[in-house]
Amino acid sequence: MNLHRKGRATLVLALVAVVGMAFRVSWNALRDIAGAVGADATAAMLYPFVVDGLMALALIATLVLADRDRTFALRVLGAYTVASLVLNYVHGLVPELHGRTVDWGRLADWDPANWALVLLATSLPVGSIYFGSDLVAKVLHHRPAPIPAASANAEESTETEMKRSRADLPVSTPEPITANAVALPRPVAVGFLKSTLPAKPYPSIAQAPAAPNESRAVAVESTRPRRATGRVPDAAKPSRPKRTPDQLLSEARKATADWPDAKVTGEGIRRAIRTSPANARSLRDTLLAERAAASAEAA
């Protein structure tokens, strides 16, 4: 555990040393650029902290933040790294910047390039205020994900578990196998396997006397006639003998002898003599025709 912590601390200290030396190398270039764009001595001395200091802040935020916030911190770090590189490059191309003999606000001979460089040098302080505040706010509001207990304690353990081979394992001595413990596939007549103890006599089990079969009482069928519990289906009704047309006509005449002509209908005849609707309509027509003929003869 101590070796692990010492290694991390050494790595962090080495990074701080490299960043400090790089900051010192870039100090002169950024200070001269700031003086060329109109900064006084104090402002020019603080200008390197604005650019390279924000780069260090973005680097720390990258290590703390996660997901989209980490991507934002990486973009800020990349943008200010490129800006510092450009200003250092211009400082190396313009010798007049070293002795501060360059004209005020003149970083390049070509006007468009000069305007772009002056805009870059003067916008970095404002960008440092905006991006630095945003990064600090993101770091303060960041809530790290909870680390499970198993993984949290995994780093504290310095023991290394090794899977031992079978050769490293202690040799186990098998227990002696007795003769009676051997499982035989089928019974074998072996003298020493037999037990010398006398067999324990078991009492004979007496059979229970069989109970005599008792005669069950059987319900006697009743001779009393059963009452009808409902409508008898047509299939159970006794079939009537088939009547001839003359017999149907005779019965229809008797049933409708005192009926008026308006009452002589097929439905009335069907109900009176119990016949089919077709026969009832035929008998109706015959009876009405006979009555009409009789009325004509009487007239």
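Colleague: Which helices do the buried residues of H6 pack against?
Modeller: Helices are DSSP runs of H or I, at least four residues long, numbered from the N terminus. Buried means under 20% relative accessible area, exposed over 50%, and partly exposed in between (1.4 Å probe, protein chains only). Packing rests on contact, that is, heavy atoms within 4.5 Å. On these terms, the buried residues of H6 pack against H7 and H8.

Colleague: What pLDDT do local features need?
Modeller: Residues are numbered from 1 along each chain as its sequence is written, and side-chain values use heavy atoms, without hydrogens and water. This is a predicted model: totals for chains, interfaces and linings use all residues, side-chain atom pairs count only at pLDDT 80 or more, and local features need pLDDT of at least 70.

Colleague: How wide an arc do the buried residues of H6 cover?
Modeller: The buried residues of H6 are Leu 248, Leu 249 and Ala 252. They lie on the same side of H6, because their arc around the axis is only 100°. That arc is taken from the directions from the helix axis to the C-beta atoms. The value is 100°.

Colleague: Which residues are exposed on the other side of H6?
Modeller: The buried residues, including Leu 248, form one side of H6. On the other side, the exposed residues are Asp 246 and Lys 254.

Colleague: Which helices meet the buried residues of H7?
Modeller: H7 spans residues 266-273, and its buried residues are Gly 266, Gly 268, Ile 269 and Ile 273. They cover an arc of only 160°, so they sit on the same side of H7. They pack against H6 (245-255) and H8 (277-298).

Colleague: Arg 243 sits in the loop between H5 and H6. Is Arg 243 buried or exposed?
Modeller: H5 covers 149-154, and Arg 243 lies in the loop between H5 and H6. The relative accessible area of Arg 243 is 19%, so Arg 243 counts as buried.

Colleague: Which backbone oxygen lies 3.0 Å from a polar atom of the Arg 243 side chain?
Modeller: A polar contact is a pair of N or O atoms within 3.5 Å; within protein, one must be able to donate a hydrogen and the other to accept it, and residues adjacent in sequence count only if both atoms are side-chain atoms. The Arg 243 side chain reaches the backbone oxygen of Arg 274 at 2.9 Å. Arg 274 comes just after H7 and has a positive phi of about 60°. The backbone oxygen at 3.0 Å is that of Ile 273.

Colleague: Which residue forms a salt bridge with Arg 243?
Modeller: A salt bridge is a side-chain nitrogen of Lys or Arg within 4 Å of a carboxyl oxygen of Asp or Glu. Beyond its neighbours within four places in sequence, Arg 243 contacts Leu 248, Glu 251, Ile 273, Arg 274 and Thr 275. One of these counts as partly exposed at 29% relative accessibility: Glu 251. The closest N and O atoms are 2.5 Å apart in the salt bridge of Arg 243 with Glu 251.

Colleague: How many salt bridges does the rule give?
Modeller: Among them is a network that links Asp 69, Asp 134 and Lys 138. The count comes to nine.

Colleague: Which residue meets Arg 270 in a salt bridge?
Modeller: An α-helix has 3.6 residues a turn, so residues three or four places apart point the same way. In H7, Arg 270 lies three residues from its partner Glu 267, about one turn. Arg 270 is partly exposed at 27%, and Glu 267 is partly exposed at 39%. The bridge, 2.6 Å from N to O, joins Arg 270 to Glu 267.

Colleague: How far apart are the closest N and O atoms of Arg 271 and Glu 267?
Modeller: Arg 271 and Glu 267 are four residues apart in H7, so about one helical turn separates them. Arg 271 counts as exposed, at 58% relative accessibility. In their salt bridge, the closest N and O atoms are apart by 3.1 Å.

Colleague: Which residues does Asp 52 touch, not counting those up to four places away in sequence?
Modeller: Asp 52 lies in H2, residues 41-64. At 13% relative accessibility, Asp 52 counts as buried. Asp 52 touches Phe 23, Ser 26, Leu 30 and Ser 84.

Terms used:
Helices (H or I, at least four residues) and strands (E, at least two) are DSSP runs, numbered from the N terminus.
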